[in-house]
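Me: I am new to reading protein models, and I would like to learn how to read a few features with you. Could you show me the structure to begin with?

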Amino acid sequence: MSTVIDKRPSTLRGARLPKWSPYAIAAGSAAVAIGVGTAADLASRVQWGLIAGLLFIISTYVIAARVEGRRQAKDRIATCLVWVAFLLAVVPLVSLIWVTVERGVKVLDVYFLTHSMGVVADTEVGGGIYAAIIGSLEQVGLATLIGAPIGVLTAIYLVEYGRGNLSRAITFFVDVMTGIPSIVAGLFILSLMLMWDMQPFGFAGSLALAILMMPVIVRSTEEMLKLVPNELREASLALGVPKWRTILKVVLPTSIGGITTGIMLAVARIAGETAPVLLLVFGNPFINNNPFEGAQASLPLYIYQQYANSAGSGAAYDRAWAASLTLIAFVMILNLVARGIARWKAPKTGR
Amino acid sequence: MAKRIDVSGLTAYYGTHKAIEDISMTVEPRSVTAFIGPSGCGKSTFLRTLNRMHEVTPGGRVEGKVLLDDEDLYGAGIDPVSVRREVGMVFQRPNPFPTMSIFDNVAAGLRLNGNYKKSELQDVVEKSLKGANLWNEVKDRLNKPGSGLSGGQQQRLCIARAIAVEPNVLLMDEPCSALDPISTLAIEDLIGELKERFTIVIVTHNMQQAARVSDRTAFFNLAAVGQPGKLIEIDDTERIFSNPSVQATEDYISGRFG
């Protein structure tokens, strides 16, 4: 009895390009692009890159369609496009951080963080951002103290209690508020200040920033509260727990991680706002610890003013970059803290 | 502690939709009453009207009377929160609080109601977990999260949580439908023990289960989809499953429809 080896081709397995083929195609298209570039004497390297990219996509499609079939070729094209989108998003981000770090570290040291401009002229070397850090912390802190409770309570009303026209109206106005440009929020507070004939002070900036952060917090908290399963609310109510205690002890603890993250993201957003601060807080080279009286400094405003008043002086540019780096680090640390809290407070699943 | 429930002429709505119509029955104390019937016939809705959980659903409202030992649950001035402390509930899907440990889950009812003594808490938790036949399995890990338990254990944890507040009546909405046969058996044994202390009402899709655990069985049905559900008959379980007085009941339990 002889064994018959069935050599029929499998219908489940098609021809595949080898693993190294994308790299080979990429190298080939790059070589052709360089050739075309030098032959046609194209000055811009960006043009070379574009030619190489186009060649890569076209030749990938053609080769894959020949060897693997049209469906696989489309799959490869889709993969290419996703990669392109990824690179388009990452390149500016990385280059922004790179440039900020590169230029920012020049004058960023303990002296810079603990001293203010004072009488140092904008064109001179020296000075620092202590006043700006104090101002930013106080203004953003006060704005959060106002905005976070109102935002969270509004979201609780909308999700747990809101029925009918009032809640629809609130939702609508929150949506409208999300779209308010920051300068408009600043002008609104400025008009109030002018009515009572007031001079710029830190808390006025906080009020404008609170207006900007409230809708963001309402939206994110709303989404988080909606994620809490209704079964948990019913379980608590069925134990004879009043609704307000159910919200306080069951709904909020379950969603506290997400709510904190939302608040931190809102804080990060307003920490970089310049326009309302420019109008309402005015900027101050001297240290002013009192947010309720007198002009204050603030990090984004400091960056703007150093650039605007530099008169071409390198020292002012360096300070602006160092302040930018500080601001980015500040927001980054806030985000890390928020993630830490979210992970720490998240519902536990371990055994 | 167990109390009698007398329902008369009860109709429940979701908005304008009438879910159940004109239901009257008596639930005896210290017994298990099972509700059976096809899906959508209003068993669960009726169950939820017994501790005023129906009105938690937006648009839910009720007409008629539910007497708990001669006190109308829907009478004027009755606080639904107090009603729910007297009439506890176990849900279809186990729903322990995910942020709380096993201990805190059982203690939740007392803690969240705010009237307890610290020294009592330990005893109440132990007693409730023993009552739910869960103590031996979890006594070494009371501080672990409740969501780490198996489905059957979670459901018994929810029963322990419900009986920790010492209700008079325990409502169970298909408590075993998400569980395997072994866990189901554990819960059914538990129901047999709990009926010594509580009045128990259980909704089930499993007719064998109704036959095994209940003393009395009520059959619900609806004329057509979109029509309100009605109580067809309620009688001793033995009689319902051997010689029901209504033809529809016999058709349903013998598998001729539904």
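Reply: What follows is a short talk about cysteines, a helix pair and one arginine. This is a predicted model, in which local features need pLDDT of at least 70 and side-chain atom pairs count only at pLDDT 80 or more, while totals for chains, interfaces and linings use all residues. Residues are numbered from 1 along each chain, chains are lettered from A in the order in which they are written, and side-chain values use heavy atoms, without hydrogens and water.

Me: How many disulfides does a search of the whole structure find?

Reply: A disulfide is a pair of cysteine sulfur atoms within 2.5 Å, and the search finds zero over all chains. The sulfur of Cys176(B) is too far for a bond because the closest cysteine sulfur, in Cys158(B), is 12 Å away.

Me: How do α5(A) and α12(A) lie to each other?

Reply: Axes are lines fitted to C-alpha atoms, for helices over the stretch in contact, and angles run from 0 to 180 degrees between N-to-C directions. Angles under 35 degrees count as roughly parallel, over 145 as roughly antiparallel, 65 to 115 as roughly perpendicular and the rest as oblique. Here the angle is about 140°, with the axes 8 Å apart, and the two helices are therefore oblique.

Me: Is Arg52(B) buried or exposed?

Reply: Buried means under 20% relative accessible area, exposed over 50%, and partly exposed in between, with a 1.4 Å probe and protein chains only. Arg52(B), in the loop between α1 and β4 of chain B, has 12% and is buried. Its side chain reaches the backbone oxygen of Leu73(B) at 2.9 Å and that of Ile78(B) at 3.5 Å.

How values were computed:
Helices (H or I, at least four residues) and strands (E, at least two) are DSSP runs, numbered from the N terminus. A polar contact is a pair of N or O atoms within 3.5 Å; within protein, one must be able to donate a hydrogen and the other to accept it, and residues adjacent in sequence count only if both atoms are side-chain atoms.
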